[in-house]
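Thanks for coming, everyone. Let's walk through one protein together. Please keep the picture in view while I talk.

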Amino acid sequence: MRPTPTRAWGPDPHSRSPVPPAVVHAALDDQALLGLMLRRAVHGGDGESGNITDRLAAALLERFAGLGAIVAAEPGELARAPGLDPVALSDLKLLRELAIRLARDETCRRPVIASWTALVAYVRTALAHEPREQFRTLFLDRRNNLLRDELVAHGTVDHAPVYPREVVRRALELSASALILVHNHPSGDPTPSQADIEMTRQIVEAARVFNLQVHDHLVVGREGTASFKALGLI
């Protein structure tokens, strides 16, 4: 009786391993990836759902000119897109919040000053595509770890009212030792305005009275991020 032959160790040349989803998704362009995410919110046959979401993804990208602007758009603006139902709208907002929290988590892994690249990535994720101006303050402890990231003012397309005394008062409440100021320019150009420079000067002077250090003021726009420290303004 002959022994049953055994197959040598190694991959079976006749079998095909499935391609990991991460590899498949990374190969998709923005429109295909967005359409795939929206598909679960569309009812109908597979082919019909795919056609609908592909058209919807193309329309959204044409209207908002990018994934970042789509997920950051105000709900009322997104709701005007034909075919975007409440489930899909909720998915887009959840996607943005997840992206912001992932970026913030990376920032919090070590002192902010030692992870400046991660910090810039975080503030860009959170603010670069905001349709209205926001002013935020990052409060740091004595080791420059992030204590809190708080919205100080939410304004219009070109202005957010900021009161230096309130920024300093909040820092004292949190027992913070240092601050990083952050705001966005919805116009896309991060160049600091004269009003930005004057307001920053007032906060720096008010903070100095209480031995609080203002490490930097970052201005975020779609075209980039400006640093007051790098520009010699602090």
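Let's start with a quick one: is Ser175 buried or exposed? Ser175 is exposed, because its relative accessible area is 59%, and the cut-off for exposed is over 50%. Find Ser175 in the loop between helix 8, residues 164-173, and strand 3. Its phi is near 55°, a positive value in a residue other than glycine. Why mention that? Most residues other than glycine have a negative phi. Asn144 is another such case, with phi near 65°. That residue sits in the loop between strand 1 and strand 2, residues 146-154.

Now, a word on trust. This is a predicted model. The average pLDDT over the protein is 82. Of the residues, 82% score at least 70. Where should you be careful? Look at residues 5-11, where pLDDT stays under 50. For that stretch the model has one contact beyond four places in sequence. Where pLDDT is low, the predicted coordinates should not be read in detail.

Next, the strands. Take strand 3, residues 178-184, and strand 4. Those two pair in the parallel sense over seven bridges. How does the chain get from one to the other? Helix 9, residues 194-209, completes the unit: strand 3, helix 9 and strand 4 make a right-handed β-α-β unit.

Strand 4 covers residues 213-221, and strand 5 covers residues 224-227. Here the pairing is antiparallel, over four bridges. A hairpin of two residues makes the join between strand 4 and strand 5. Let's name two of the bridges. Gly221 has Gly224 of strand 5 as its partner. Val220 is bridged to Thr225, also in strand 5.

How many of the nine residues of strand 4 are buried? Eight are, so strand 4 is largely enclosed by the rest of the structure.

Now zoom in on strand 3. Val182 belongs to strand 3. Across from Val182, in strand 4, stands Leu218. Val182 counts as buried because its relative accessibility is 1%, and the cut-off for buried is under 20%. What does Val182 touch? Leave out residues up to four places away in sequence, and its contacts include Val123, Leu127, Phe135, Leu138 and Val220. One distance to note: the C-alpha atoms of Val182 and Asp149 are 9.9 Å apart. Along the chain, these two residues are 33 residues apart.

Move to His183, also a residue of strand 3. Its relative accessible area is 0%, so His183 is buried. Which side chains make polar contacts with it? One is the side chain of His217, at 2.8 Å. Another is the side chain of Asp196, at 3.3 Å. Both residues also appear among the contacts of His183, along with others including Glu133, Gln134 and Val219.

Last stop: helix 6. It runs over residues 86-107, which is 22 residues. From its first C-alpha to its last it reaches 32 Å, close to the 32 Å expected at 1.5 Å a residue. Which residues of helix 6 are buried? They are Ala88, Leu89, Asp91, Leu92, Arg96, Ile100, Ala103 and Thr107. Keep the helix rule in mind as you read that list. An α-helix has 3.6 residues a turn, so residues three or four places apart point the same way. And what covers the buried residues of helix 6? The cover includes helix 2 (30-38), helix 4 (67-72), helix 5 (75-79) and helix 7 (116-127).

Hold on to Arg96 from that list, and look for Glu130. Glu130 lies in the loop between helix 7 and strand 1, residues 134-140. Is Glu130 buried or exposed? Glu130 is buried, because its relative accessible area is 11%. Its side chain makes a polar contact of 3.0 Å with the side chain of Arg96. Setting aside neighbours within four places in sequence, Glu130 is in contact with Ala72, Arg96, Asn184 and Pro186.

To wrap up, take two pictures away. The side chain of His183 has polar contacts with His217 and with Asp196. The side chain of Glu130, in a loop, makes a polar contact with Arg96, a buried residue of helix 6. Thanks for listening.

Conventions. Residues are numbered from 1 along each chain as its sequence is written. This is a predicted model: local features need pLDDT of at least 70, side-chain atom pairs count only at pLDDT 80 or more; totals for chains, interfaces and linings use all residues. Side-chain values use heavy atoms; hydrogens and water are left out. pLDDT is the predictor's confidence in each residue, from 0 to 100. Contact means heavy atoms within 4.5 Å. The expected span of a helix is 1.5 Å times one less than its number of residues. Buried means under 20% relative accessible area, exposed over 50%, partly exposed in between (1.4 Å probe, protein chains only). A polar contact is a pair of N or O atoms within 3.5 Å; within protein, one must be able to donate a hydrogen and the other to accept it, and residues adjacent in sequence count only if both atoms are side-chain atoms. Two strands pair if DSSP finds at least two bridges between them. A crossover is right-handed if, with the strands pointing away from the viewer, the path from the first strand over the helix to the second runs clockwise.
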